[in-house]
Amino acid sequence: QVQLVESGGGLVQAGGSLRLSCAASGIIFSLNPLGWYRQAPGKQRELVAGISSTGSTNYADSAKGRFTISRDNVKNTVYLQMNSLKPEDTAVYFCAIGRGRISWGQGTQVTVSS
């Protein structure tokens, strides 16, 4: 029943920016924490940024100072603003929502060229 749809991925040069969006339905959005994860080929999925129901945020060390997670509870959408992108940021990015049972989006490809 829960659906998450990511958008905003694409190809960008190193040093550039992208803004990812994830629209949710089938869940009480405002009451749930959200996260952005990424998975590169041959690597495990890792948490990039998280945001609580009250707006508290946390980031992976690799994302601190460059990425910003935010949420809009009216639009039921979570965003990931990515600045100063590096080739090592290249991955499929997934949004997630929930506490016990986690729901995942389909992912959006981010490719950063050198």
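Let's start at Thr77, which is found in strand E8. This is a predicted model, so please hear everything that follows in that light. Is Thr77 buried or exposed? With a relative accessible area of 9%, Thr77 is buried, because buried here means under 20%. Its contacts, leaving out residues up to four places away in sequence, are Ser21, Cys22, Ala23, Phe29, Ser70, Arg71 and Asp72. There is a polar link as well: a polar atom of the Thr77 side chain lies 3.0 Å from the backbone oxygen of Lys75. And across in E3, Ala23 stands opposite Thr77.

Let me widen the view to the sheet around Thr77. Strand E8 belongs to an open sheet of 4 strands, in the order E1-E3-E8-E7, with antiparallel pairing. The edges are strand E1, residues 3–7, and strand E7, residues 67–72, and each of these pairs on one side only. From one strand to the next, the twist averages 15°.

We can walk across that sheet. At one edge, E1 and E3 pair in the antiparallel sense over 5 bridges. One pair to look at is Leu4, whose bridge partner in E3 is Ala24. E1 has a covered face, with Leu4 and Glu6, while its uncovered face carries Gln3, Val5 and Ser7. Moving inward, strand E3, residues 18–25, is joined to strand E8, residues 77–82, by 6 bridges, again antiparallel. Then E8 meets E7, also antiparallel, over 6 bridges. On that side, Arg71 stands opposite Val78 in E8.

Which side chains of E7 are buried? Phe67, Ile69 and Arg71 point to one face and are buried, whereas Thr68, Ser70 and Asp72 point to the other face and are not. As background, side chains in a regular strand alternate between the two faces of the sheet.

Now for the turn that links these last two strands. The hairpin of E7 and E8 has 4 residues between the strands, and within it Asn76 takes a positive phi near 55°. Asn76 does so although it is not a glycine. Asn76 has a relative accessible area of 24%, so it counts as partly exposed.

In that loop between E7 and E8 we also find Asn73. Asn73 is partly exposed too, at 35% relative accessibility. Its side chain makes a polar contact of 3.0 Å with the side chain of Arg71. Setting aside neighbours within four places in sequence, Asn73 is in contact with Phe29 and Ser30. How far apart are Asn73 and Phe29 in space, C-alpha to C-alpha? The separation is 6.7 Å, for two residues that are 44 residues apart in sequence.

If you like backbone angles, there is another one to click on. Ser84 has a positive phi of about 50°, and Ser84 is not a glycine either. Ser84 lies in the loop between E8 and strand E9, residues 91–97. Its relative accessible area is 41%, which makes Ser84 partly exposed.

Ser84 brings us to Gly16, in the loop between strand E2, residues 10–13, and E3. Apart from neighbours within four places in sequence, Gly16 is in contact with Met82, Asn83, Ser84 and Leu85. Val78 is another matter: Gly16 and Val78 are 62 residues apart along the chain, and their C-alpha atoms are separated by 21 Å.

Let me finish with the rings. How many aromatic pairs are counted? The count comes to 1 aromatic pair. The rings of Tyr37 and Trp104 have their centres 4.8 Å apart and their planes at 65°, so this pair is edge-to-face. The pair links distant parts of the chain, with Tyr37 in strand E4, residues 34–39, and Trp104 in strand E10, residues 103–104, 67 residues apart. Both rings belong to partly exposed residues: Tyr37 has a relative accessible area of 24%, and Trp104 has 37%.

Two arginines also sit over rings. Arg45 lies over the face of Trp104, at 4.7 Å from the ring centre. Back in the sheet, Arg19 lies over the face of Tyr79, at 4.0 Å from the ring centre.

That's my tour, and I'm happy to take questions.

Technical notes: Residues are numbered from 1 along each chain as its sequence is written. This is a predicted model: local features need pLDDT of at least 70, side-chain atom pairs count only at pLDDT 80 or more; totals for chains, interfaces and linings use all residues. Side-chain values use heavy atoms; hydrogens and water are left out. Two strands pair if DSSP finds at least two bridges between them. Axes are lines fitted to C-alpha atoms, for helices over the stretch in contact, and angles run from 0 to 180 degrees between N-to-C directions. Buried means under 20% relative accessible area, exposed over 50%, partly exposed in between (1.4 Å probe, protein chains only). Contact means heavy atoms within 4.5 Å. A polar contact is a pair of N or O atoms within 3.5 Å; within protein, one must be able to donate a hydrogen and the other to accept it, and residues adjacent in sequence count only if both atoms are side-chain atoms. Rings of Phe, Tyr and Trp (its six-membered ring) pair if their centres lie within 6.5 Å; planes under 30 degrees apart count as stacked, over 60 as edge-to-face and the rest as tilted. A charge sits over a ring if NZ of Lys or CZ of Arg is within 6 Å of the ring centre and within 35 degrees of the ring normal.
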